Amino acid sequence: MDKTAEIIIDGKSYRYPVVVGTEQESGIDISQLRAQSGHITLDDGYGNTGACRSNITFIDGEKGVLRYRGIPIEEVAEKSTFVETAYLIIWGKLPNQAELRRFSDLLTENSMLHEDMKQQFEAFPANAHPMAILSSMINASSCFYPELLTSEMKPTFDLQSARLISQVRTIAAFAYRTSRGLPIIYAKPDYKYTANFLHMMFSHPLKDYELDPAAVKALDLIFLLHADHEQNCSTSTVRMVASSRANMFASCAAGVCALWGPLHGGANQAVLEMLDTIHKSGDDGSKFIEAAKDKNSGKRLMGFGHRVYKNYDPRAKIIKKACDDVLEKLKISDPLLDIAKKLEETALKESYFIERKLYPNVDFYSGIIMRALNIPVEMFTVLFAIGRMPGWIANFKEVMEDPSARINRPRQIYTGPALKHYVPMKDRK
Ligand code: CMC
C-alpha cells in the first residue's frame, strides 16, 4: 500500500503522499499543503527539502556511498576517464565506442574560442580572480553562438554541451595565461581532454610542456571525481536559473558563481591556504585543531564536514590514495601533505569532530595534488568547475526535459515591519 503522511494543523488533518526513490529514500510530497491548509514549510538551508526528482547521482551520506547513474564512484574512478564519465552523466549510459568517438571529436572540434573573445581576457585586471573571469566568459561565449540559444533545445543540445565542456577548459587556461602576461596556447587536436588542458596551461610557443602520464592521470581523476554531486549549492543554482528557461551558458555561469564560495568549491583553495598558514606558523596542526573547535576563533577545519556525508566522503578516500601515488611518482615531498595527514589523524580522534560526524571531504587532499602539478592556488576552484560542468549540464537537461517543470520560486515567512506609511522627508527624524 502507498504510504501517506499526516500533518495536523489546528486540529485539522491533512494527508500527503510519501514519494519513495530507487534506494528507498523517502520524502513527503507537500505540493498541495499551502493550497489546502494555508501553510508552507520552512527549512533554512534546505537541509530537509527535496527540490526535485533526479536520476543522475545517488548519495547515501550515512554510509559514504556515491554513484553516477547507478555505478559506484570507486568503479568509475578505477575504470573510466573524465570524458567517458561526462558522457555517462549527461546521457545516462556508458557510451559505446562510436558514441565515445563522436563525443571526443565534438570536444576537439569545439575547443577553440571565438577569436573576438580573446580581447575580452585583456580587459580584466591582472589580479582578477579566475573564477570571476570564468563565469563572465562562459556567459559572454553565448553571445558568440546565438544560433545555439533556441528555445527548442534538442537540435543543438549535443553541440552546446560539447562546446561548454571543451571551452570551459580553454577559458580557464586562457584566464591563467593572460593573468601571468603569457601568450595564449591553443589546444592540440591529437591530445586528449586533460592532457590538452595541461598543454594550454603550461606550454611555451616554442617548446611544448612535457606531459607526465602520472600528472595527466591524477588531474583526469580530479575532474572525474568532481563530475556530479546531486543537489549541492551550485547545481541547485543551475537548476534554479534553468527553471526560468534561461539558456545553458547562463545557467552554468551562475553555477560557477555559486561554486566560488569557500563553503563550497572555494574550499579547495581555502584548504591549501590553511595548510600553508599552519606550516609557516611552525604548528604541526594541533593548535589549529584547537582553534577550529572554538566557535569564537572564526576558524573552521577547511576540507572537513559535509551537509550530506556523515561518514568519510568516498571521493576523499580515492583522492587521498591518488595524492600519495602521484607525489611518489613525481618524486615530490610536500610538507603540507604531512600536515594534512596529521590534521586528519588528530581530528578523527577528537570528540568535537566525532560527535558532529565531521570527516575529510573531497577538497581536503585535492589541493595537494594540484599543487604538485604546479597549478596555482587561485586556479583550484576553476578546476573544480571544469570537472563539475557535466553534472551542471545533466541537471540543466533534466529541468528542460521535464514536462511538468515549473519555475523555481520558493516562498518565505516575512519577518519585517507590519504595515506602516510613507513619511515625507520634512517629517523624518
Ligand atoms: N570545522 C569545524 N567545525 C565544523 C566544520 C569544520 N570544517 N564543519 C562543521 N562544523 C561544525 C559546525 O560549527 C556545527 O557545530 P555546532 O553543531 O556545534 O553548531 C556543526 O559542525 C554542523 O555544521 P554546519 O555548519 O551546521 O553544517 P552544514 O551542513 O551547514 O555545513 C559545510 C556543511 C561543508 C559547509 C561545513 O561542514 C563547512 O563549513 N566545512 C568547511 C568548508 C568545506 O570544506 N567545504 C567543502 C564541502 S565539500 C565540497 C562541495 O561539494 O562543496
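**View 1. Serine 80 in the predicted model, in the loop between α2 and α3.** In this predicted model, S80 has a relative accessibility of 16% and therefore counts as buried, the limit for that class being under 20%. The residue belongs to the loop that runs between α2 and α3, the latter helix spanning residues 82–91. Its side chain is joined to the side chain of E84 by a polar contact of 2.6 Å. When neighbours within four places in sequence are left aside, S80 is in contact with E75, T85 and L224.

**View 2. The second largest pocket and the residues of its lining.** The space in the second largest pocket amounts to about 980 Å³, and its lining is made up of 37 residues. S80, the residue of the preceding view, is one of those that lie nearest the centre of this pocket, together with T81, K192, T194 and D220. Several helices supply at least two lining residues each, namely α2 (73–79), α4 (97–109), α8 (193–202), α9 (213–225) and α14 (314–329). Among the contributions to the lining, that of α9 is the largest share, with eight residues. Sorted by chemical character, the lining of the second largest pocket holds 17 nonpolar, seven polar and 13 charged residues.

**View 3. Serine 234 in helix α10.** S234 is placed in helix α10, which covers residues 233–243. With a relative accessibility of 0%, S234 counts as buried, because that class takes in residues under 20%. The side chain of S234 makes a polar contact of 2.9 Å with the side chain of H264. Not counting residues up to four places away in sequence, S234 touches G255, A258, L259, H264, R388 and W392, so that H264 appears both in this list of contacts and as the partner in the polar contact.

**View 4. The surroundings of the ligand.** Around the ligand there are 20 residues, of which H264, K295, R300, L301 and R307 come nearest. H264 thus links this view with the preceding one, where its side chain is in polar contact with that of S234. On the side-chain part of these surroundings, an N or O atom of K295 is 2.6 Å from an oxygen atom of the ligand. On the backbone part, a nitrogen atom of the ligand lies 2.7 Å from a backbone N or O atom of L301, while a polar backbone atom of G303 is 2.8 Å from an oxygen atom of the ligand.

Key: Residues numbered from 1 in each chain as written. Predicted model: local features only at pLDDT ≥ 70, side-chain atom pairs only at ≥ 80, totals over all residues. Heavy atoms only, no water. 1 Å grid on protein atoms, 1.4 Å probe; cavity = no way out; pocket = protein on both sides within 12 Å on 5 of 7 lines; lining within 4 Å. Points joined across faces, edges and corners; volume = space filled by probe spheres on them. Helix = DSSP H or I, 4+ residues; strand = E, 2+ residues; numbered from the N terminus. Nonpolar A, V, L, I, M, F, W, Y, C, P; charged D, E, K, R; others polar. Buried < 20%, exposed > 50% of the residue type's maximum accessible area, 1.4 Å probe, protein only. Polar contact = N/O pair within 3.5 Å; in protein donor to acceptor, adjacent residues only side chain to side chain. Contact = heavy atoms within 4.5 Å. Near = heavy atom within 4 Å.
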